[in-house]
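Biologist: Please take a close look at a single part of this model and build it up step by step for a first-year student. I would also like to know how that part relates to the rest of the chain.

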Amino acid sequence: MHKILLCEDEENIVSFLRAELEHDGFRVDTAPDGGEAMRLFTENEYDLILLDIMLPVKNGLECLREMRKTSRVPVIILTARKEVYDKVAFLNAGADDYVTKPFDTLELIARIKRNITRRGVAPSQGLHIYKDGYRAVVAGSELKLTKTEFEILLFLYENADRVKTREEIIRAVLGDFYGESNVVDANIKNIRAKIAALTEVEIIQTVRGKGYAVRL
Ligand code: CA
């Protein structure tokens, strides 16, 4: 499921857009000002950012420049027709697209999908697990996994987008056996190598100091 950060201070736009995006299957975090936007951006992984220009605390251009220091995540700028602003400055700062308020929701969602796909995270590239058949498929090809590798991947897949600690993974997959937590690291390393042979998309994410998460 794709995750969007909506940075917007107009409450009616936030509540309307959140409902529309969630209805379309996106997960949405919202930030009413640039400070909160940067806090959420730093602490989470997003597939796309919707960024209003006139934001309290820190404006959209400042946020965009800061985001681009560490990330190539697609950013769509939300502009008001009456706002006079320098489009070139936003493009130079690394914006991918922009829409003018009031916008057509269907058009915005189409642009969101196009920008996410352009980045290479097309749904068909992702991970699918067929539990009954004990099959894990990435980018249309089957992963050849050991039983432990399969069960670790299945556990993360069933808890997609949630961070699981090494201990949680061991408990879920190896039952009462409390082995060395590097058992998990070794298996994840193998799974990643097998995934990397099929796609460039990073499916298993390491969350430093916490554990691992599968991103769908
Ligand atoms: Ca605004």
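**A hairpin and its surroundings**

Modeller: Let us begin with one pair of residues: Tyr130 has Arg135, in strand S7, as its bridge partner. The model is a predicted one, in which local features need pLDDT of at least 70 and side-chain atom pairs count only at pLDDT 80 or more, while totals for chains, interfaces and linings use all residues. Residues are numbered from 1 along each chain as its sequence is written, and side-chain values use heavy atoms, with hydrogens and water left out.

Strand S6 covers residues 127-130 and strand S7 residues 135-138, and the two pair in the antiparallel sense over four bridges. Strands here are DSSP runs of E with at least two residues, and helices are runs of H or I with at least four, numbered from the N terminus; two strands pair if DSSP finds at least two bridges between them. In a regular strand the side chains alternate between the two faces of the sheet. The two faces of S6 can be told apart, since Leu127 and Ile129 make up its covered face, whereas His128 and Tyr130 lie on the uncovered one.

Four residues stand between the strands of this hairpin, and Tyr134 takes a positive phi near 60 degrees there. Tyr134 is partly exposed because its relative accessible area is 42%, where buried means under 20%, exposed over 50% and partly exposed in between (1.4 Å probe, protein chains only).

Tyr134 also leads us away from the hairpin. The structure holds one aromatic pair. In this pair Tyr134 and Phe150 are stacked, with 4.3 Å from centre to centre and 20 degrees between the planes. The pair links distant parts of the chain, as Tyr134 sits in the loop between S6 and S7 and Phe150 belongs to helix H6 (residues 147-158), 16 residues apart. Rings of Phe, Tyr and Trp (its six-membered ring) pair if their centres lie within 6.5 Å, and planes under 30 degrees apart count as stacked, over 60 as edge-to-face and the rest as tilted. Phe150, with a relative accessible area of 3%, is therefore buried.

Another residue can be placed by its distance from S6. The C-alpha atoms of Ile129 and Arg166 are separated by 21 Å, and the two residues are 37 apart along the chain. Arg166 is found in helix H7, which spans residues 166-174, and Arg166 counts as partly exposed because its relative accessibility is 22%.

Elsewhere in the chain, the pairing runs in the parallel sense. Five strands form an open sheet in the order S2-S1-S3-S4-S5, with parallel pairing. Its edge strands are S2 and S5 (97-101), each of which pairs on one side only. At the S2 end, strand S1 (residues 3-7) runs parallel to S2 (residues 27-31), and five bridges join them; within this pairing Ile4 stands opposite Val28 in S2. At the S5 end, strand S4 (residues 75-80) pairs with S5 in the parallel sense, again over five bridges, and Thr79 has Thr100 of S5 as its bridge partner.

To return to the part we started from, S6 and S7 pair in the antiparallel sense, and Tyr134, in the loop between them, forms a stacked aromatic pair with Phe150.
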